[in-house]
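Here's a quick tour of a protein, one piece at a time. Keep the structure open and click along as you read.

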Amino acid sequence: MDPAYFDAMYAASRDPWGLASRWYERRKYALTLALLPRPRYASAFEAGCSVGVLTAALAARCDRLLACDLSPAAVAAASARAPGARVERRALPGDWPDGRFDLIVLSEVLYYFGDDDLADVLDRAVASLEPGGTLLAVHWRHRVPEYPKMGDDVHAALAATPLRLLAAHREEDFRAEAFTAGRPVSPAAAEGLV
């Protein structure tokens, strides 16, 4: 989508989607984080972090977290809210970061991409996910006229990747799914119990 769309949203409100204030968002974030199979991750990437509410929660569970957003206003807000994360302005898919991650978070971001860019983002995500790592995807399920895709569309595209579904939560308004590359690291193994 055109960066001007996001610039206008953040010019109209410091938190245009009410991520820091709405019960719906707090509940969704709690369910989202509960899908993560590990208590801690070494290296994570969050695409489209907005004002950093989820970023701050993820930073508490990651040794290193790189978060990004297209909007400079969102980057500034997320940097202030999540000082434990490195937050950068990036335009995906072209500015996908180098390196590999054991956690990639694509929350409320994939429906902004058209077919070619969505395929590119998913290819890059799959290629940069460590074996046994987690890809977490969460999306609103209703049509938004300005968005090229719906949440169910992007989750269907995710299901067509070589990643394997670990856990899912679906309800009328959103769906959240955790995928893995190869054999997952079990929660018990992550804690040294097995």
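Let's start where helix H4 begins: a side-chain oxygen of Ser71 comes to within 3.2 Å of the backbone nitrogen of Ala73. Bear in mind that this is a predicted model. From here we'll follow H4 inwards, then step back to the whole protein.

**Helix H4 and its cover**

- H4 covers residues 72-81, and Ala74, Val75 and Ala78 are buried in it.
- Why do these residues sit on the same side of H4? They take up an arc of only 100° around the axis, so they end up on the same side of the helix.
- What lies over the buried residues of H4? The cover includes helix H1 (3-12), strand S2 (62-69) and strand S3 (86-89).

**The nonpolar cores**

- The largest nonpolar core has 31 residues, and the ones touching the most other members are Leu36, Leu58, Leu65, Val87, Leu103 and Leu136.
- Plenty of elements chip in two or more residues to this core: helices H2 (23-34), H3 (53-59) and H4, along with strands S1 (41-47), S2, S4 (101-107), S5 (129-140) and S7 (174-180).
- Which element gives the most to this core? That's H3, with four residues.
- There's also a second, separate core of 30 residues, and Tyr112, Val121, Val154 and Leu158 are among them.
- Back to Val87 for a moment: leaving out residues up to four places away in sequence, Val87 touches Cys49, Ala67, Val75, Ala78 and Ser79. Two of those names should ring a bell, since Val75 and Ala78 are buried residues of H4.

**Ser50, a loop residue tucked inside**

- You'll find Ser50 in the loop between S1 and H3.
- Is Ser50 buried or exposed? Its relative accessibility is 8%, so Ser50 counts as buried, the cut-off for buried being under 20%.
- Not counting residues up to four places away in sequence, Ser50 touches Tyr10, Trp17, Leu19, Asp69, Ala74 and Ala78. Ala74 and Ala78 take us back to H4, where both are buried.
- Ser50 also has a positive phi, about 50°, although it is not a glycine.

**Leu66, a strand residue**

- Leu66 has its place in strand S2, and at 6% relative accessibility it counts as buried.
- What does Leu66 touch, neighbours within four places in sequence aside? Its contacts are Ala44, Phe45, Glu46, Arg86, Glu88, Arg90 and Pro97.
- Leu66 and Gly84 are 18 residues apart in sequence, and their C-alpha atoms are 9.6 Å apart in space.

**More loops to click on**

- Glu108 is in the loop between S4 and helix H5 (115-128). With 16% relative accessibility, Glu108 counts as buried.
- Glu108 isn't a glycine, but its phi is positive, near 55°.
- Pro93 is in the loop between S3 and S4. A cis peptide bond joins Leu92 to Pro93, with omega at about 10°.
- Pro162 is in the loop between helix H6 (151-159) and strand S6 (164-170).
- Is Pro162 buried or exposed? At 68% relative accessibility, Pro162 counts as exposed, because the cut-off for exposed is over 50%.
- Pro162 and Gly114 are 48 residues apart along the chain, and 20 Å separates their C-alpha atoms.

**Zooming out to the whole protein**

- The secondary structure adds up to seven helices and seven strands. Reading from the N terminus, the order is α-α-β-α-β-α-β-β-α-β-α-β-β-α.
- The C-alpha trace spans about 50 × 35 × 35 Å along its principal axes.
- How does the radius of gyration fit with a compact globule? A compact globule of 194 residues would come out near 16 Å, and the protein has 16 Å, so the two agree.
- Buried residues account for 49% of the 194 residues.
- Take the contacts between residues at least 6 apart in sequence: 64% of them join residues at least 24 apart.
- The protein exposes about 8,900 Å², with carbon and sulfur atoms supplying 53% of that.

Definitions and conventions:
Residues are numbered from 1 along each chain as its sequence is written. This is a predicted model: local features need pLDDT of at least 70, side-chain atom pairs count only at pLDDT 80 or more; totals for chains, interfaces and linings use all residues. Side-chain values use heavy atoms; hydrogens and water are left out. Buried means under 20% relative accessible area, exposed over 50%, partly exposed in between (1.4 Å probe, protein chains only). The arc is that of the directions from the helix axis to the C-beta atoms. Contact means heavy atoms within 4.5 Å. A polar contact is a pair of N or O atoms within 3.5 Å; within protein, one must be able to donate a hydrogen and the other to accept it, and residues adjacent in sequence count only if both atoms are side-chain atoms. A nonpolar core is a set of buried Ala, Val, Leu, Ile, Met, Phe, Trp, Tyr and Cys residues joined through side-chain atoms within 4.5 Å. The radius of gyration is taken over C-alpha atoms; the globule rule is 2.2 Å times the number of residues to the power 0.38. Accessible areas come from the Shrake-Rupley method with a 1.4 Å probe; for residues, only the protein chains shown count as cover.
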